[in-house]
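Here's a quick briefing to read alongside the model. Have the viewer open and follow the topics one by one.

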Amino acid sequence: MEPGDRGRCSPFTPPSPSAVVGGNKEGKKKEQHNASPDSAVRGMGKLNTGDDNSPFDICPPKQPGSVVLKPSLLVKNREIRNQMRGNVDKVLSLRPGMVLLKSYLTLSEQVKIVEKCREMGVGGGGFYQPGYGEGTQLHLKMMCLGKNWDPLTTQYGEQRPFDGAKPPHIPPEFHNLVHNAIGDANAHIPNNPLPSISPDICVVNFYSQNGRLGLHQDKDESAESLRLGLPVVSFSVGDSADFLYGDDRDAYKAQKVVLQSGDVLIFGGHSRNVFHGVTAIHRNTAPDLLLQQTNLRPGRLNLTFRQY
């Protein structure tokens with residue numbers, strides 16, 4: 001990539017403002033860190049979505065004259081090896097119904113995920129910063145695919161209440177990745193296989209380097225989905241993150257695993273209602289080749305797929 005070249009993220013014409021961005025508010029950090037989205041929003045008043053009405057681009061244009069440092073051949077070869085599919089020794093069973101596929105997404109798949117999320121993120125129903133009354137905001141940008149999840153009501157709908165935007169469709173290639181990941185996970189837990197899903201919901205979060213999300217449960221899907229233990233499938237792309245999980249909301253009792261770019265985490269069955277959250281983003285840990293090809297912002301892109 002030459003100096004000033006944006007790589008795979010091409011210029012765009014900003015659409016009419018439907019993705020809303022707001023600056024992070026630092027008040028009430030302790031409450032946000034320990035509270036789940038569903039418990040934090042009830043009774044807190046009107047949803048706060050920021051006030052500049054500009055689209056959030058996860059692959060912003062490079063500044064004129066900026067220089068891209070190309071990774072060395074040694075780094076390239078190491079990253080390519082790490083992104084090769086078929087590393088059966090990189091499947092970790094964290095607890096019954098919870099499986100981590102390390103380095104599962106290849107580099108090319110990660111690049112396509114970033115490109116597709118960037119394309120959808122700057123359009124109608126794209127990224128915005130969810131928040132609540134009294135100036136309180138989550139430390140991330142969010143976009144919903146398939147169905148909209150409303151942080152204020154913790155319910156799913158066909159459009160966003162604050163601007164009426166309909167969420168983009170889940171791309172077919174994302175469906176294929178989810179299906180394959182569940183199949184590969186089940187190959188390593190044959191005694192208690194997880195049910196497959198046809199995801200109709202995807203919550204896409206972009207965590208800045210200061211981003212985090214308190215321990216919570218993903219329990220707003222249908223009663224039938226929860227009863228069957230239909231799994232949540234989570235893709236991690238970009239910087240690594242400290243991911244906590246446990247049986248309750250107490251972070252001190254939770255276990256921790258580091259999720260890296262290309263990892264796929266699946267939890268369902270007995271672990272469908274596990275408490276989980278993100279406590280820290282590790283700066284400058286995204287693969288160099290990914291950044292070179294996408295110009296992804298510093299931070300972590302996370303996609304969680306569910307079936308309502």
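β6 (201-207) and β13 (300-306) pair in the antiparallel sense over 7 bridges. Strands here are DSSP runs of E with at least two residues, helices are runs of H or I with at least four, both numbered from the N terminus, and two strands count as paired if DSSP finds at least two bridges between them. Keep in mind that this is a predicted model, where local features need pLDDT of at least 70 and side-chain atom pairs count only at pLDDT 80 or more, while totals for chains, interfaces and linings use all residues. Residues are numbered from 1 along each chain as its sequence is written, and side-chain values use heavy atoms, with hydrogens and water left out.

**The seven-stranded sheet**

- Within the β6 and β13 pairing, Cys 202 stands opposite Phe 305 in β13.
- Both strands belong to an open, antiparallel sheet of 7 strands, ordered β1-β2-β11-β8-β13-β6-β3.
- At the edges you'll find β1 (91-95) and β3, each with a single partner strand, so one side of each has no neighbour in the sheet.
- From one strand to the next the twist averages 15 degrees, with axes taken as lines fitted to C-alpha atoms (for helices over the stretch in contact) and angles running from 0 to 180 degrees between N-to-C directions.
- Edge strand β1 is joined to β2 (residues 98-101) by 4 bridges, and the two run antiparallel.
- One bridge in that pairing matches Val 91 with Leu 101 in β2.
- β1 and β2 make a hairpin with 2 residues between them, and Gly 97 in the turn has a positive phi of about 85 degrees.

**The four-stranded sheet**

- Another open sheet is built from 4 strands in the order β7-β12-β9-β10, again with antiparallel pairing.
- Its edge strands are β7 (213-216) and β10 (255-259), each pairing on one side only.
- Neighbouring strands in this sheet are turned by 25 degrees against each other on average, direction ignored.
- β9 (residues 241-246) and β12 (residues 275-281) share 6 bridges in the antiparallel sense, and Phe 243 has Val 278 in β12 as its bridge partner.

**Cavities**

- A search of the whole structure turns up 3 cavities of 30 Å³ or more. On a 1 Å grid over the protein atoms alone, a cavity is a set of points where a 1.4 Å probe fits but cannot get out, and lining residues have an atom within 4 Å of a point.
- The largest cavity has a volume of about 350 Å³, counted as the space filled by probe spheres set on the points, with grid points joined across faces, edges and corners.
- It has 27 lining residues, and the closest to its centre are Asn 205, Leu 213, His 216, Asp 218 and Arg 306.
- Two or more lining residues each come from α2 (37-41), β6, β7, β12 and β13.
- Which element gives the most to that lining? β13 does, with 4 residues.

**Rings and charges**

- The count of aromatic pairs comes to 7. Rings of Phe, Tyr and Trp (its six-membered ring) pair if their centres lie within 6.5 Å, with planes under 30 degrees apart called stacked, over 60 edge-to-face and the rest tilted.
- Tyr 128 and Phe 162 have ring centres 4.9 Å apart and planes at 50 degrees, so this pair is tilted.
- That pair links distant parts of the chain, 34 residues apart: Tyr 128 is in the loop between α4 (107-121) and β3 (141-145), and Phe 162 is in the loop between β5 (155-157) and α5 (172-186).
- Tyr 128 is buried at 2% relative accessibility, whereas Phe 162 is partly exposed at 28%. The cut-offs are under 20% relative accessible area for buried, over 50% for exposed and in between for partly exposed (1.4 Å probe, protein chains only).
- Phe 56, Phe 127 and Phe 206 form one aromatic cluster.
- The charged end of Lys 141 sits over the Phe 56 ring, 4.9 Å from its centre. For this, NZ of Lys or CZ of Arg must be within 6 Å of the ring centre and within 35 degrees of the ring normal.
- Lys 147 lies over the face of Tyr 308, at 5.8 Å from the ring centre.

**Positive phi outside glycine**

- Most residues other than glycine have a negative phi.
- Thr 154 has a positive phi of about 55 degrees, lies in the loop between β4 (148-150) and β5, and is buried at 5%.
- Asn 284 has a positive phi near 60 degrees, lies in the loop between β12 and α7 (288-294), and is exposed at 71%.

Notes:
1 Å grid on protein atoms, 1.4 Å probe; cavity = no way out; pocket = protein on both sides within 12 Å on 5 of 7 lines; lining within 4 Å.
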